[in-house]
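Please look through the sequence and the structure shown below before reading on. The report then takes up a few residues and regions in turn.

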Protein chains: 2
Amino acid sequence: METARSAERQRTAAESRRRELLEAADRVVLRDGPQASMNAIAAEAGITKPILYRHFGDKGGLYRALAKRHTDALLIALRAALDAPADRRERVESTLDTYLAAIEARPQVYRFLMHPSDNADAAPSPEQGFDVGRHSAPLLRRLGEELGQVIAERVDLGPDSEQMARIWGHGIVGMMHAAGDWWLGDRPCSRERLVSSLADLLWGRLAEAGDRQGGPGF
Amino acid sequence: METARSAERQRTAAESRRRELLEAADRVVLRDGPQASMNAIAAEAGITKPILYRHFGDKGGLYRALAKRHTDALLIALRAALDAPADRRERVESTLDTYLAAIEARPQVYRFLMHPSDNADAAPSPEQGFDVGRHSAPLLRRLGEELGQVIAERVDLGPDSEQMARIWGHGIVGMMHAAGDWWLGDRPCSRERLVSSLADLLWGRLAEAGDRQGGPGF
DNA sequence: ACCAAGTGTTACTTGCGGTAACCACAGTCT
DNA sequence: AGACTGTGGTTACCGCAAGTAACACTTGGT
């Protein structure tokens, strides 16, 4: 019996099927936003709901798989910017710009990635319901953790360096995200200007700037 | 005829009823999280769904009303920290600490406020579905706008000061939010330490810090 | 006494996540 | 050949939550 070969063949077939489904889901999410229904996704893929559930378990599973694809892609781009041969300021600006360009190019995808929606905690935990934290989108967490690691590796922050680097990683990512989200809505200025303003902020201009006329400044 | 008086009386009665409903909704959201059902909220208030809908239109309306209460409360606390008579660094730290203390004290509320969930856009806009931005929780936007205004009022940033202040406002709020969210989950350090690390970040320590051994640093 | 308006209810519709049961066809074993 | 098994597919259903329609009860003004 050729069970091993045929099993292998079937497995790769299933994987490519999975890719097709993800691409269909991608199209629908891009069109309908993050609240796209499973029915719509199934229809786009030319099949029906139960197949989706066979492949991804539940909606959270599909969304997690989808998010992972995009998050990975974005992370690769960001790492490239972070690793460029240039001085620190230039690299910070280039990283900010890479992120902002990405969300500018595909706002729907970005919007989907940031949507906490169904956190899909496997723990129903009927005790005291207080599961507290874990609200943020996984993308933010991943980016923050990643950046924290990069900072810890490369910047010397004295004692407790590693912890501070993590804090900064999450903080900087949050800054980038919130500013980008706001900018994407109102478009109050060019991308370059936003990038340089944020870099200025990180470069301590808030501390250096003088007070305005009257009263002690912020 | 006493129509004017009675109308007035009824109106205030309706308002106090509304407050009661909001308090009940508050309890339920605190207990069940942001996905609390309208049925549950109605039950907690001792009434049934249609009344809720009469008062708030739809779920988004109720949630918006609820969010406004908490956002206002938090904003008042933050403004107090922002207006304290102290130097800039102290005030920044105190503002960060106020925010973090608030989310630490009532994580469920905080979680609810940050949940975009149903953005409740009144515009179905079937044309080109691309409504783009507007993903973030209203709380973040409001805080960012507010802080930007405060910065613009009090700090002298040279030409284009106002625009940069807005950018910084949203950026700083995002930093605070993301770092706080992460910290709330993992609790890797004390609140004081988080506050001072974030303030250090804003004070330009990233620019000043030296590279680690080998290679150009981040 | 009667009308109007506001407060409340039950019972329904619609739509979505998720699942059970069933169908059809490949290849395999005897 | 013919029964056996597993895999990709479907229809039809359940449960549940948002939102609504239509109907009842009080209450104050005329």
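## A residue of the first helix in chain B

Is Leu30(B) buried, partly exposed or exposed? In this predicted model, Leu30(B) has a relative accessible area of 30%, and because that value lies between the limits of 20% and 50%, Leu30(B) counts as partly exposed. The residue belongs to helix H1 of chain B, which covers residues 3-32. Although Leu30(B) and Tyr110(B) are 80 residues apart in sequence, their C-alpha atoms are 9.7 Å apart in space.

## The overall make-up of chain A

Chain A contains 10 helices and two strands, and when these elements are read along the sequence they follow the pattern α-α-α-α-α-α-α-β-α-α-α-β. Of the 218 residues in chain A, 46% are buried. If one takes the contacts in chain A between residues at least 6 apart in sequence, 62% of them join residues that are at least 24 apart.

## The nonpolar core

In soluble globular proteins, nonpolar side chains tend to be buried together. In this model, the largest nonpolar core has 122 residues, and those with the most contacts inside it are Leu52, Leu62 and Tyr99 of chain A together with Leu52, Leu62 and Tyr99 of chain B.

Which residues does Leu52(B) contact, leaving aside its neighbours within four places in sequence? They are Leu21(B), Met38(B), Ile41(B), Ala42(B), Ile47(B), Gly57(B) and Leu62(B). One of these, Leu62(B), is itself listed among the residues with the most contacts inside the core.

## The surface near DNA strand C

There are 14 residues around DNA strand C, and those that come nearest are Lys49(A), Tyr53(A), Lys59(A), Thr48(B) and Arg54(B). The residues of this surface divide into seven nonpolar, two polar and five charged. On the side of the DNA, 43% of the atoms of strand C within 4 Å of the protein belong to sugar or phosphate, while the rest belong to bases.

Phosphate oxygens of DNA strand C can be followed to particular residues of chain A. A phosphate oxygen is 2.4 Å from an N or O atom in the side chain of Lys59(A), and a phosphate oxygen is 3.4 Å from an N or O atom in the side chain of Tyr53(A). For Met38(A), the atom concerned is a polar backbone atom, which is 3.0 Å from a phosphate oxygen of the strand. The elements that give two or more residues to the surface near strand C are helix H3 (49-56) of chain A and helix H3 (49-56) of chain B.

An unreviewed UniProt entry annotates residues 37-56 of chain A as "DNA-binding region". In the model this span is 75% helix and 0% strand, and its end C-alpha atoms lie 14 Å apart.

## Buried residues that touch the other chain

Ser197(A) is placed in helix H9 of chain A, residues 191-202. Its relative accessible area is 0%, so Ser197(A) is buried. Leaving aside neighbours within four places in sequence, Ser197(A) is in contact with Met164(B), Ile167(B) and Trp168(B). Gly204(A) lies in the loop between H9 and helix H10 (205-208) of chain A, and with a relative accessible area of 2% Gly204(A) is also buried. When residues up to four places away in sequence are not counted, Gly204(A) touches Leu202(B), Trp203(B) and Gly204(B).

Seen from chain B, Ala178(B) is found in helix H8, residues 161-186. Because its relative accessible area is 10%, Ala178(B) counts as buried, and beyond its neighbours within four places in sequence Ala178(B) is in contact with His170(A) and Gly174(A).

## Asp160 in both chains

Where does Asp160(A) lie in chain A? Asp160(A) is in the loop between strand E1 (155-156) and helix H8 (161-186). It has a positive phi of about 60 degrees although it is not a glycine, and at 48% relative accessibility Asp160(A) counts as partly exposed.

In chain B, Asp160(B) lies in the loop between strand E1 (155-156) and H8. Phi of Asp160(B) is near 60 degrees, a positive value in a residue other than glycine, and Asp160(B) is partly exposed, with a relative accessible area of 48%.

Terms used. Residues numbered from 1 in each chain as written. Chains lettered and ligands numbered in written order. Predicted model: local features only at pLDDT ≥ 70, side-chain atom pairs only at ≥ 80, totals over all residues. Heavy atoms only, no water. Near = heavy atom within 4 Å. Polar contact = N/O pair within 3.5 Å; in protein donor to acceptor, adjacent residues only side chain to side chain. Helix = DSSP H or I, 4+ residues; strand = E, 2+ residues; numbered from the N terminus. Nonpolar A, V, L, I, M, F, W, Y, C, P; charged D, E, K, R; others polar. Core = buried A, V, L, I, M, F, W, Y, C linked by side-chain atoms within 4.5 Å. Buried < 20%, exposed > 50% of the residue type's maximum accessible area, 1.4 Å probe, protein only. Contact = heavy atoms within 4.5 Å. UniProt positions renumbered as here; feature names shortened; annotations may be inferred.
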